[in-house]
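Work through the exercises below with the sequence and the 3D structure open beside you. Try each task before you read its solution.

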Amino acid sequence: MSLDRRALLRGGMSLGAAALLTGCDLSDNDAVQGFLARFSAWNDRVQAALFNPNRLAPTFPESEAVKDFRYNAWYGPENAPALNPENYRLSLAGLIANKKPWTVDQLYALPQVSQVTRHVCVEGWSMIGKWTGTPLRTFFERIGADTTARYVGFECADGYYESMDMATALHPQTIMAFKLSDEVLPRKYGYPFKIRVPTKLGFKNPKFVTTMFVSNLRPHGFWTDRGYNWFSGI
Amino acid sequence: MNTATRTTTIGGTTAPEVLEHAWPVRLTHWLMAASILIMIGSGWRIYNASPIFPFRFPDAITLGGDVQVALTWHNDPGVATAIAWHFAAMWLLALSYLLFVAWGALSGHFWRNFLPVGPSSFFRDFIAAARFRLAHRLGEYNAVQKAFYWGVLALVLVMLVSGIAIWKPVQTYPLELLFGGFQGARLVHFLGMAGICGFLLVHVALVVLVPKTFVAMVLGRVTGPAHVAGSATEKRS
């Protein structure tokens with residue numbers, strides 16, 4: 001092997017190794033994070049364009065619904081908020097005509113539908129469950145929400161917060177889920193209700209919702225503030 | 001080099017060895033190379049978040065920044081950054097792949113250099129290669145090479161389609177059924193990655209053995225015998 005070839009080989013290998021090593025380090029570089037964030041914002045627009053408001057998420061036979069649904073949060077189930085139905089109130093804010101707070105009984109008296117849909121986690125696992133509750137669209141009609149506004153935001157009793165585009169909020173399968181597997185939503189799954197949105201990734205389904213608001217300014221999201229893509233449609 | 005004494009039957013002419021790559025091939029080759037490395041590195045970090053098999057990739061060889069830093073700041077092991085890389089590089093990969101395929105098909109590059117490839121020539125060259133008896137002649141592709149290039153092009157296509165099924169399982173339903181469902185698409189996506197990694201190992205090893213091919217893919221043209229020295233695998237007169 002001639003010298004220049006050896007030099008080329010050595011050069012190529014060190015170049016490759018350097019690229020591999022700095023590739024990992026580059027991820028934490030501010031400029032790279034900025035680039036990735038801008039690209040993620042562009043992906044938001046692409047996904048909004050790809051979202052078909054009339055396309056339903058696939059539904060499954062009830063026999064495929066998992067009874068013992070996977071618990072998922074950044075804290076253990078023993079630390080899940082225990083909301084008391086006596087003093088729980090759902091607060092409404094923003095572009096909503098009637099902001100009177102709602103009690104659990106009032107919420108649970110709303111007309112309800114059931115769906116057997118698949119929860120898809122951003123990590124890759126998925127699980128089919130049966131959820132029952134009121135379409136957000138129906139609730140918005142009751143409270144006089146401005147459905148021409150662009151965004152809906154949620155605040156939760158565990159410090160979580162989430163938001164979504166109005167088109168997704170009005171999708172027929174986007175519901176306020178009061179029940180999981182025909183049982184009142186257990187504490188660890190988000191009592192008194194969670195937002196079930198089968199056209200988005202799992203983390204876009206906030207639990208223990210205490211405040212709902214409509215806005216033209218895009219609200220934040222817990223995991224979006226930690227680098228995840230905001231739209232996260234599936 | 002007296003090609004008449006070659007131990008293999010390919011390239012039985014005395015024409016000078018010339019390897020040329022047109023600039024669209026070189027450009028899209030390196031764009032695909034960069035995007036595939038980003039896709040693999042970030043894909044391994046994403047895989048680690050919810051492994052399909054009972055193993056994880058060492059964090060150091062995955063892409064997504066320092067795991068401990070991300071955990072401390074974001075309570076997330078850099079999966080967010082890995083996904084951001086993955087969903088940025090996927091556009092670059094799709095674009096460069098489509099340009100490469102379009103150019104290869106329209107310019108005649110594919111039909112000229114990647115065909116014909118039949119089972120008999122493949123097995124003949126495969127056995128020769130396995131016994132280190134297959135000469136590398138610049139500018140000519142042996143049957144194993146041809147099959148490998150078709151194979152990796154097919155694998156990237158499988159990755160793009162299974163990737164779309166994973167990215168948008170609702171909007172593209174029933175595309176996932178092509179892979180036996182959403183989890184089936186994840187499995188195919190993983191196996192396709194493994195196949196591409198296997199290709200890359202062989203591909204890079206052969207470039208190391210015949211570095212002039214690297215020069216050709218950068219500068220566009222090299223001439224002369226592939227084996228300057230030390231080609232013990234090739235009989236010479």
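The exercises that follow concern a predicted model.

**Exercise 1. The contact between the chains**

Task: Find how many residues each chain gives to the contact, and which elements of chain B take part.

Solution:
- Step 1. Chain A contributes 34 residues to the contact, and chain B contributes 34 residues.
- Step 2. On the side of chain B that touches chain A, the elements giving two or more residues are α1 (23-49), α2 (67-74), α3 (79-107) and α7 (182-209) of chain B.
- Step 3. The most comes from α3(B), with 8 residues.
- Step 4. Sorted by kind, the residues on this side of chain B are 20 nonpolar, 10 polar and 4 charged.

**Exercise 2. A sheet in chain A**

Task: Determine the strand order of the open sheet in chain A, and say which strands stand at the edges.

Solution:
- Step 1. The sheet has 4 strands in the order β1-β9-β4-β5 (chain A), with mixed pairing.
- Step 2. β1 (91-94) and β5 (161-165) of chain A each have a single partner strand, so they stand at the edges and one side of each has no neighbour in the sheet.
- Step 3. Ignoring direction, neighbouring strands of the sheet are turned by 20° against each other on average.
- Step 4. Strands of a sheet can pair in a parallel or an antiparallel way, through backbone hydrogen bonds.
- Step 5. β1(A) and β9 (residues 209-215) of chain A run parallel and are joined by 4 bridges. Within this pairing, Gly94(A) has Val214(A) in β9(A) as its bridge partner.
- Step 6. β4 (residues 151-156) of chain A and β9(A) run antiparallel, joined by 6 bridges. Here Cys156(A) has Val209(A) in β9(A) as its bridge partner.

**Exercise 3. Two residues with positive phi**

Task: Asp182(A) and Phe208(A) are not glycines, yet each has a positive phi. Place each in its loop and decide whether it is buried or exposed.

Solution:
- Step 1. Asp182(A), with phi about 65°, belongs to the loop between β6 (175-180) and β7 of chain A.
- Step 2. A residue with 12 or fewer other C-beta atoms within 10 Å is exposed, and one with 20 or more is buried.
- Step 3. Asp182(A) has 12 C-beta neighbours inside 10 Å and therefore counts as exposed.
- Step 4. Phe208(A), with phi about 50°, is in the loop between β8 and β9 of chain A.
- Step 5. Because 25 other C-beta atoms lie within 10 Å of Phe208(A), this residue is buried.

**Exercise 4. Cis peptide bonds**

Task: Locate the cis peptide bond that leads to Pro192(A) and the one that joins Pro174(B) to Tyr173(B).

Solution:
- Step 1. In chain A, the bond from Tyr191(A) to Pro192(A) is cis, with omega near 10°. Pro192(A) sits in the loop between β7 (183-184) and β8 (194-196) of chain A.
- Step 2. In chain B, the bond between Tyr173(B) and Pro174(B) is cis, with omega about 10°. Pro174(B) is in the loop between α6 (143-167) and α7 of chain B.

**Exercise 5. The two faces of a helix**

Task: Describe the buried and exposed residues of α8 (residues 212-219) of chain B.

Solution:
- Step 1. Lys212(B), Thr213(B) and Ala216(B) are buried in α8(B).
- Step 2. These residues are on the same side of α8(B), because they cover an arc of only 105° around the axis.
- Step 3. The buried residues of α8(B) pack against β1 (18-20), α7 and β2 (221-223) of chain B.
- Step 4. Exposed Val218(B) and Leu219(B) are on the face of α8(B) turned away from its buried side.
- Step 5. After α8(B) comes Gly220(B), with a positive phi near 105°.

How values were computed: Residues are numbered from 1 along each chain as its sequence is written. Chains are lettered from A and ligands numbered from 1 in the order in which they are written. This is a predicted model: local features need pLDDT of at least 70, side-chain atom pairs count only at pLDDT 80 or more; totals for chains, interfaces and linings use all residues. Two residues are in contact if their C-beta atoms, placed from the backbone, lie within 7 Å. Ala, Val, Leu, Ile, Met, Phe, Trp, Tyr, Cys and Pro count as nonpolar, Asp, Glu, Lys and Arg as charged, and the others, Gly among them, as polar. Two strands pair if DSSP finds at least two bridges between them. Axes are lines fitted to C-alpha atoms, for helices over the stretch in contact, and angles run from 0 to 180 degrees between N-to-C directions. The arc is that of the directions from the helix axis to the C-beta atoms.
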